[in-house]
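Here is a protein model to explore together. Keep the 3D view open and turn it as you read.

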Amino acid sequence: VPFAGWSLPLHYEQGHLQSHLHTRRRCSLFDVSHMLQTRVYGRDRIKFIESLVVGDIAELKPGQGTLTLLTNEKGGIVDDLIVTNTSEDHLYVVSNAGCADKDLAIMRVRGCSSPAGELQAAGSDIHLEVSDNALLALQGPSMAQVLQAGLSDDLGKLSFMNSITTTVFSVPGCRVTRCGYTGEDGVEISVPAGRAVELAEQLLGVPEVWPAGLAARDSLRLEAGLCLYGNDIDETTTPAEAGLMWTLGKRRRVAMDFPGAAIIMAQVKQKPKRKRVGLTSVGPPIRPHTAILGPEGTPVGTVTSGCPSPSLGKNIAMGYVETAHSRAGTTLTVEVRKKQHPAFVTKMPFVPTQYYMAK
């Protein structure tokens, strides 16, 4: 199917349901090469990234990464990114494919476009490089066992959101980051493009590794309570509304030196008018744009993501509701095909996450 300018597999021969459950029980390989990968070099690289995002990038240890948000002056979320402070001489940034063009434009205008970007023009030392690496995600409880067979490094020492550069199944120069979009233990492997097929075939040669497509990726991430950019977060949603204030570094909150800081921090003090919540329901599945109704039958919000949960056997969804109706356990109503069905505000993640923390 078309996706952000790419042609991507929706599912493979096993079908969506079996692929989803296999990822939860064993492990699956996702091709996520559509994601934008950039490297930021120069002595002012941290100052540069922190002028765009809400996270405390300066506090990241070598090899450590974080999910962070690129915001605009109105406090809206331009994109969600993973920024890693590599143990080499650069920051490694992974952005969403649908935001690739605007992210690059913002980074170039702010830092290092030609003619010189704002910070370079002010004498800052920044250099931006777009990587042509492929990106493979190996996700699921048996990931470590499968990958360890092709690594000399000890995966037991690599915690969630940490990364190393290593040789994977004889392919040198791979960046292995312990993260993913399924809620399971997993890695994303940035691999030189010319050897990506070779590495993928090696991994898929292990009987318990199945290929997985966009359908499973979407239902897995929803069970894990993770946002899809363009559906659950966009430039009209703020970190406070989206329940993503945990991405704001403590130092950054005090300094208020990121785009939209005044608006975002004011929302925190006054409480936002709406909040992102999880929902479970009975009846037909809830889909994006479904109306959420309050006790009096008046609209109080909208669904942004929804599907039948393969793991739980019930409908799950995510959406925004007026803050007064956002408490877990609240009974609301969703309107599907002009009929009303009960829905319940539910804590997320719907399925417990299994991220790995090294001992």
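UniProt, in an unreviewed entry, puts a "binding site" feature at E188; positions there follow the numbering used here, feature names are shortened, and annotations may be inferred rather than shown by experiment. This is a predicted model, where local features need pLDDT of at least 70, side-chain atom pairs count only at pLDDT 80 or more, and totals for chains, interfaces and linings use all residues. Residues are numbered from 1 along each chain as its sequence is written, and side-chain values use heavy atoms, with hydrogens and water left out.

So where does E188 live? Look in strand β12, residues 186-191. Helices (H or I, at least four residues) and strands (E, at least two) are DSSP runs, numbered from the N terminus. Is E188 buried or exposed? With 11% relative accessibility, E188 is buried. Buried means under 20% relative accessible area, exposed over 50%, and partly exposed in between (1.4 Å probe, protein chains only). Residues touching E188 include L135, L136, A137 and R175, with residues up to four places away in sequence not counted. Contact here means heavy atoms within 4.5 Å.

**The sheet around β12**

Now zoom out a bit. An open sheet is built from 6 strands in the order β10-β11-β12-β9-β3-β13, with mixed pairing. At its edges are β10 and β13 (209-211), and each of them pairs on one side only. On average, neighbouring strands in this sheet are turned by 30 degrees against each other, direction ignored. Helix α1 packs on the sheet, where it touches β3, β9 and β13, and its direction makes about 115 degrees with that of β3. For such angles, axes are lines fitted to C-alpha atoms, for helices over the stretch in contact, and the angles run from 0 to 180 degrees between N-to-C directions.

In general, strands of a sheet pair through backbone hydrogen bonds, either parallel or antiparallel. Two strands pair if DSSP finds at least two bridges between them. Here are three antiparallel pairs from this model, each with one residue and its partner.

| Strands | Bridges | One residue and its partner |
|---|---|---|
| β9 and β12 | 6 bridges | Q139 and G186 |
| β3 and β9 | 4 bridges | F30 and A137 |
| β5 and β6 | 8 bridges | Q64 and N85 |

Strand β9 is worth a closer look. All 6 of the 6 residues of β9 are buried, so this strand is largely enclosed by the rest of the structure. A134, L136 and L138 point one way, while L135, A137 and Q139 point the other way.

As for β5 and β6, they make a hairpin with 5 residues between the strands, and G75 has a positive phi near 85 degrees there.

**A covered helix and a partly exposed residue**

Why is helix α7 (residues 214-223) described as largely enclosed? Because 9 of its 10 residues are buried. Among them are L214, A215, R217 and L222. The cover over the buried residues of α7 includes β1 (2-3), α1 (16-25), β3 (27-31), β16 (299-309) and β17 (314-322). After α7 comes G225, with a positive phi near 70 degrees.

I106 sits in helix α3, residues 100-112. I106 is partly exposed, at a relative accessible area of 30%. Leaving out residues up to four places away in sequence, I106 touches L52, L70 and V78. I106 and L70 are 36 residues apart in sequence, and their C-alpha atoms are 9.7 Å apart in space.

**Rings and charges**

A pair of aromatic rings is described by the distance of the centres and the angle of the planes. How many aromatic pairs does the structure hold? There is 1. F160 and Y355 are stacked, 4.1 Å centre to centre with 10 degrees between the planes. F160 lies in the loop between α5 (143-148) and β10 (163-168) and Y355 in the segment after β19 (339-346), so the pair ties together parts 195 residues apart in sequence. Rings of Phe, Tyr and Trp (its six-membered ring) pair if their centres lie within 6.5 Å; planes under 30 degrees apart count as stacked, over 60 as edge-to-face and the rest as tilted.

Finally, find two arginines over rings. R274 has its charged end over the ring of Y320, 4.6 Å from the centre, and R175 lies over the face of Y92, 5.6 Å from the ring centre. A charge sits over a ring if NZ of Lys or CZ of Arg is within 6 Å of the ring centre and within 35 degrees of the ring normal.
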